[in-house]
Amino acid sequence: MNVSVNLPSRNTKVMNRFDLTSRLVAKLKNEEAVIGGIGNTNFDLWAAGHRPQNFYMLGSMGLAFPIALGVALAQPERRVFALEGDGSLLMQLGSLSTIAMLAPKNLTMVVMDNGIYQITGSQPTPAAALADIVAIAVASGIANSAWAADEEDFERLIEQSMSASGPTLIGVRIDDKPGTGTTRRDPVQIRERFMHGMGVRQPL
Amino acid sequence: MAVAEQKTSQQASPEQPPQTWYGIVQQSLKRNDIRLVPYVPDRVLTTLIKNLHADPYFTTFPTAREEEAVGIVSGAWMGGMRGAVLMQTSGFATLANVLASLAMPYQIPLIMFVSERGTLGEFNYGQSLVCRTMRPVLDSLAMEHHTATRLDEFEFIVDRSIKQAITTQAPVALILSPLLTGGKVFDK
């Protein structure tokens with residue numbers, strides 16, 4: 001089944017969410033926080049190997065970037081990554097303006113864009129055909145926003161974001177594959193383990 | 001003698017301004033180490049928002065939606081920074097999903113101040129209708145909430161509710177009645 005939306009005007013390579021997530025996680029050496037958005041985005045983060053610094057959303061679609069912003073404000077010395085789907089981001093485009101205004105330099109946002117609501121049956125999003133999420137991010141005031149041309153470019157943009165003077169948004173075109181794993185749906189444990197990972201609390 | 005001393009002490013601080021509800025909110029937030037205050041504004045909250053901006057203790061800023069502000073303070077809590085969200089009744093009405101899928105199941109002490117519109121002199125029928133959805137939503141999730149109507153009780157309600165939210169890791173909504181704030185009336 002191939003229902004991915006064709007985007008003839010775009011020359012970025014169509015990549016894979018799990019592969020990109022694994023490449024990101026492999027780069028993390030300093031207990032960086034990673035916030036995984038609802039559905040496939042956090043399923044692939046889980047499948048890439050659980051870390052105490054990972055937070056997995058089980059609802060509240062669209063809030064991966066706001067949650068990551070909160071972590072970034074609370075811990076300005078820690079790098080915070082947020083992984084979000086294109087459909088999710090469409091629910092909270094206003095959050096890009098808020099992030100641009102506050103301009104936390106320790107925040108790196110990745111938008112996994114397949115143009116579809118994969119998990120609900122691969123229906124196209126309203127942005128699939130015409131809207132450009134990176135252009136929206138730039139217009140919202142996030143100057144460090146770019147499409148990753150391919151996997152190597154994605155890794156380069158991730159590296160670059162770690163020493164950026166403001167927040168970074170990286171758009172990646174991905175295929176229509178579902179998530180690789182399934183996050184254990186235990187919200188209290190997810191939150192508690194994340195707080196341990198953030199050094200906020202010690203286990204009992 | 002005691003009476004005389006009392007009079008003297010009163011005279012000694014004639015500049016002491018009378019307590020205001022927004023002054024109590026500001027002091028209670030500080031006393032409980034709550035520094036992060038995102039908000040979606042409301043006319044009634046104007047002075048509070050202005051005073052929080054003027055106080056370097058606070059990181060306060062507007063968000064595009066109330067849900068976004070809930071996400072921000074939830075992330076900050078997990079990162080070790082306490083927050084509270086300011087909003088109006090109609091803003092609260094947009095929150096059922098995030099309360100049920102983030103604040104409640106993850107046990108996050110979300111502290112909300114909701115300026116109550118839609119009652120005691122409302123002039124917009126839509127506001128009075130949306131106001132009626134607020135308490136049923138809070139009750140259906142068994143969320144702690146209090147409606148503050150009197151200045152003399154307000155500090156007790158705010159301070160104790162913040163402490164309870166944090167120690168029990170449960171959200172709380174503090175509804176600011178027009179009886180406390182004066183509300184918004186047609187000629188404003």
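**Entry 1: strand pairing in chain B**

I began with a rule, that two strands count as paired if DSSP finds at least two bridges between them. With that in hand I looked up strand S4 (residues 85-88) of chain B, and I noted that S4(B) and strand S5 (residues 111-115) of chain B pair in the parallel sense over 4 bridges. I should record at once that this is a predicted model, and that I read each entry below with that in mind.

I then asked which residue of S5(B) is the bridge partner of Gln88(B). I found that it is Ser115(B). Turning to the faces of S4(B), I saw that both are covered, with Val85(B) and Met87(B) buried on one side and Leu86(B) and Gln88(B) buried on the other. I set beside this the general point that in a regular strand the side chains alternate between the two faces of the sheet.

Next I followed strand S1 (residues 34-39) of chain B, which is mostly covered, since 5 of its 6 residues are buried. I found S1(B) joined to S2(B) by 4 bridges, the two running parallel, and here Leu36(B) stands opposite Thr59(B) in S2(B). I also found 2 bridges from S1(B) to strand S3 (residues 82-83) of chain B, again parallel, with Ile34(B) opposite Arg82(B) in S3(B).

**Entry 2: chain B as a whole**

I counted 9 helices and 7 strands in chain B, and I noted that 45% of its 188 residues count as buried. Of the contacts in chain B between residues at least 6 apart in sequence, 76% join residues at least 24 apart.

I checked the confidence too: chain B averages a pLDDT of 92, and 90% of the residues score at least 70. I marked residues 1-11 of chain B for caution, as pLDDT stays under 50 over them and the model has 0 contacts for them beyond four places in sequence. For the complex, I wrote down the predictor's ipTM of 0.95 and pTM of 0.93.

**Entry 3: helix H7 of chain B**

I looked at helix H7 (residues 125-140) of chain B, whose 16 residues reach 24 Å from the first C-alpha to the last, close to the 22 Å expected at 1.5 Å a residue. Which residues of H7(B) are buried? I found Cys131(B), Met134(B) and Leu138(B) to be so. Seen down the axis of H7(B), the buried residues fall within an arc of 40°, so they line one face of the helix.

I listed what covers the buried residues of H7(B), and the list includes helix H5 (89-92), strand S6 (144-148) and strand S7 (172-176) of chain B. On the other side of H7(B) I noted exposed residues, among them Tyr125(B), Arg132(B) and Asp139(B). After H7(B) comes Ala142(B), with a positive phi near 55°.

**Entry 4: the contact between the chains**

I turned to where the chains meet, and I found that the contact takes 25 residues from chain B and 28 residues from chain A. On the side of chain B that touches chain A, strand S2 (59-62), helix H4 (66-78) and helix H6 (96-103) of chain B each supply at least two residues. The largest share of that side, 9 residues, comes from H4(B). I sorted the residues of this side of chain B into 12 nonpolar, 10 polar and 3 charged.

I then picked out Arg191(A), which lies in helix H8 (residues 187-197) of chain A. Is Arg191(A) buried or exposed? I found Arg191(A) buried, because 21 other C-beta atoms lie within 10 Å, and a residue needs 20 or more for that. Leaving aside neighbours within four places in sequence, Arg191(A) is in contact with Met78(B), Tyr106(B) and Gln107(B). I also noted that the C-alpha atoms of Arg191(A) and Met57(A) are separated by 9.6 Å, although the two are 134 residues apart along the chain.

**Entry 5: two positive phi values**

I followed Gln107(B) further, and I found it in the loop between H6 and S5 of chain B. Its phi is near 55°, a positive value in a residue other than glycine, and Gln107(B) is partly exposed, with 15 other C-beta atoms within 10 Å.

In chain A I looked up Glu31(A), in the loop between helix H1 (17-26) and strand S1 (33-36) of chain A. Phi of Glu31(A) is likewise positive, near 55°, and Glu31(A) is partly exposed, with 13 other C-beta atoms within 10 Å. I kept these entries because most residues other than glycine have a negative phi.

Key
Residues are numbered from 1 along each chain as its sequence is written. Chains are lettered from A and ligands numbered from 1 in the order in which they are written. This is a predicted model: local features need pLDDT of at least 70, side-chain atom pairs count only at pLDDT 80 or more; totals for chains, interfaces and linings use all residues. Two residues are in contact if their C-beta atoms, placed from the backbone, lie within 7 Å. Ala, Val, Leu, Ile, Met, Phe, Trp, Tyr, Cys and Pro count as nonpolar, Asp, Glu, Lys and Arg as charged, and the others, Gly among them, as polar. pLDDT is the predictor's confidence in each residue, from 0 to 100. The expected span of a helix is 1.5 Å times one less than its number of residues. A residue is buried if 20 or more other C-beta atoms lie within 10 Å of its own, exposed if 12 or fewer, and partly exposed in between; C-beta atoms are placed from the backbone. The arc is that of the directions from the helix axis to the C-beta atoms.
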